[in-house]
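Biologist: I'm new to this one, so could you walk me through it? Let's take it one question at a time.

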Amino acid sequence: MSIRVRFAPSPTGYLHIGSARSALFNWLYARKTGGLFLLRIEDTDLQRSTEASTRSIIEGLEWLGLNYDEEIVFQSDNAPKHRAAALKLMEEGKAYRDFTPKEERADATIKEGIAERARAQAAEGGQDHRSNPYRDLPKEESDRRAAAGEPFAVRLKVAREGKTHFEDAVYGTQERDYAEIEDLVLLRSDGHPLYNLSVVLDDIEMQITDVIRGQDHLTNTHKQILLYEALGATPPRFAHLPLILAPNKGKLSKRKHGEVVSLTTYRDRGFVPAAFRNFLALLGWSPDTTQYPAQIVSDHNAVELNPDPKTEIFSLEELKSLFSLERIHKSNAVFNFSETDPRQWTDAKALWMNAEYIRTMPLDELTPMVKAELRANRLWREEYEEEERVWFEKTVDLIRQRFFTLKDFSAQGRAYFSDDFDFDDAAVKKNLLKEPRLKELLPALADRLEEVEPFNAETSEVALRAFSEEVGVKAGLLINASRTMLTGQSVGPSMFEVFDVIGRERSVQRLRSQVPWAGTES
RNA sequence: GGGGCAUUGGUGUAACUGGUUAACACGCCGCCCUCUCAAGGCGGAGAGUAGGAGUUCAAGUCUCCUAUGCCCUACCA
């Protein structure tokens, strides 16, 4: 039977990077095995589910390049079936009506409530999960009370003796005594089916063969196994993924950590999808490096692996071919970032990887992203597409070497695409104001450059060096001053390459500008 | 309170069925290159594998205990 896996997020907010990684692992597994990757939106919590979240989840998957097969399943559509299944279990004597009045509890105190109740039970001489008074209520009485309109929840009747077990692809053999599992609620008293029931039923219906999900569901799995058994279905294989934690090893949540946990943040802050995907893949999984530089077959295509055993840069094809459930880790991974240092707003390795992709990826894959970035900042000109395409690509290729995100193209890179750019104060101070003569030297340099023919990196260098010798100043002085005049910054590519790309006309014009000196006269 | 899972430099990870001075990537520091900043090259600091006990000729790898963290324990998902 061919592999069928699913990604089943609940649309109660942005797509969390941990969920994104679950999606990625599912996708990789499906693509590697030639199986199918399905999407199911678990929108059974009507209050919290929003259409906007659903959209953002789909967008996020698309951004990461994780295409799904078949139609999206909305779990809420299946609620009637889930209800019917629960009722059927009841008829078969595998579930029962619980007429205990519903206990209302505030979300905030729920954890305390659980612990408190457990402690109380322990004090009474041990917890007995089979002590529900309605568990063995005669059928006639149960039916009568239900018919009379008394509200009830439906609970699974867990056997008194026995154990559940399953083999987790990551965590190994898992076993749990029935005594430790309560008679879980299948249907709320308002008839609403609950999570464990819905998941199991949907996974059966979608013929899921492998459930790959967060480790937070590891213990829930035992309950689900019980349901598979009650329903007479074969459980799928399970693979639980380690969690992604915050730097303090605590839970990574939007409430506490803000936008770093949201996948869309990475899109909005200039990440290349392939880079972030690559980074996520290495959180909780690592390839079997002993296989390099072997050629592996995936999707029936031979994939040439990067022969460098030290690299952690993997293309999608490489990830697909290298991925295996066996090499997923058991321990949680820390997502390292600083909440106070803006330069470390996200994991340093992710940032490095993004820079690595930006400077090494094929130019024709990068330019569309740069185009989108420039366009969003009104820096894009249609000429870049046609008559100035060569210039555009040359410029992108030049400046990408020291950029970290796509945002840099419109920020630090602004001066290459527009005459309207800002001067960095520190740069002006360091490269221009320190030497008063520059105010006259730079326009003079402009005069020289105007005569150079042709105008390019080599000729501008010759001209500048000759000029510096003539006037008796170090070439570096003029070079650094020029950089600031032409780009507003103190750092950037080799100055002569910059001259070349900015062009004679704009270079000369900017060198003659008095703007940086304006207002500095004492 | 009960149960489950985990624990290798700051972070991500490696280390075949126990076998030389615990490896790599990111980060950090230094040197080289140099017009700046990156990149690149070279080098360095940083863990004796959470702690303890045991098994063994030999333990990061096996066993037990402790600690810590995370998850579950809900008519949430």
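Modeller: Happy to, and keep in mind that this is a predicted model. First, a term: helices and strands here are DSSP runs, numbered from the N terminus, with at least four residues for a helix and at least two for a strand.

Biologist: Which element gives the largest share of the surface near RNA strand B?

Modeller: Several elements supply at least two residues each to that surface, among them β14 (333–334), α12 (348–360) and α20 (475–487). Helix α4 (110–123) is also one of those suppliers. The largest share, seven residues, comes from α4.

Biologist: How many residues of the surface near RNA strand B are charged?

Modeller: There are 64 residues around the strand, with Ala118, Tyr195, Ser331, Val334 and Ser494 coming nearest. By type, they split into 24 nonpolar, 20 polar and a charged group. That charged group numbers 20.

Biologist: Which helix gives the most to the largest nonpolar core?

Modeller: In soluble globular proteins, nonpolar side chains tend to be buried together. Here the largest such core has 86 residues, and Ala20, Leu24, Ala275 and Leu280 have the most contacts inside it. The top contributor, with nine residues, spans residues 17–33: helix α1.

Biologist: And what does Leu280 touch, leaving out residues up to four places away in sequence?

Modeller: Leu280 is one of the residues with the most contacts inside the largest core. With those sequence neighbours left out, the residues Leu280 touches are Ile17, Ala20, Arg21 and Leu24.

Biologist: How many residues does the second, separate core have?

Modeller: This other core includes Ala85, Tyr96, Val158 and Leu197. Its count is 23 residues.

Biologist: Where is the proline whose peptide bond from Glu453 is cis?

Modeller: Most peptide bonds are trans. The one from Glu453 to Pro454 is cis, with omega near -10 degrees. Pro454 sits in the loop between α18 (438–451) and α19 (457–471).

Biologist: Is Glu70, with its positive phi, buried or exposed?

Modeller: Most residues other than glycine have a negative phi. Glu70, in strand β3 (residues 69–74), has a positive phi of about 60 degrees. A residue counts as exposed if 12 or fewer other C-beta atoms lie within 10 Å of its own. Glu70 has 12, so Glu70 is exposed.

Biologist: Last one: is Arg378 buried or exposed?

Modeller: Arg378 lies in the loop between α13 (363–376) and α14 (389–399), and its phi is also positive, near 55 degrees. Because Arg378 has 11 other C-beta atoms within 10 Å, the answer is exposed.

Notes
Residues are numbered from 1 along each chain as its sequence is written. Chains are lettered from A and ligands numbered from 1 in the order in which they are written. This is a predicted model: local features need pLDDT of at least 70, side-chain atom pairs count only at pLDDT 80 or more; totals for chains, interfaces and linings use all residues. A residue is near a molecule or strand if its C-beta atom, placed from the backbone, lies within 6 Å of it. Ala, Val, Leu, Ile, Met, Phe, Trp, Tyr, Cys and Pro count as nonpolar, Asp, Glu, Lys and Arg as charged, and the others, Gly among them, as polar. A nonpolar core is a set of buried Ala, Val, Leu, Ile, Met, Phe, Trp, Tyr and Cys residues joined through C-beta atoms within 7 Å. A residue is buried if 20 or more other C-beta atoms lie within 10 Å of its own, exposed if 12 or fewer, and partly exposed in between; C-beta atoms are placed from the backbone. Two residues are in contact if their C-beta atoms, placed from the backbone, lie within 7 Å.
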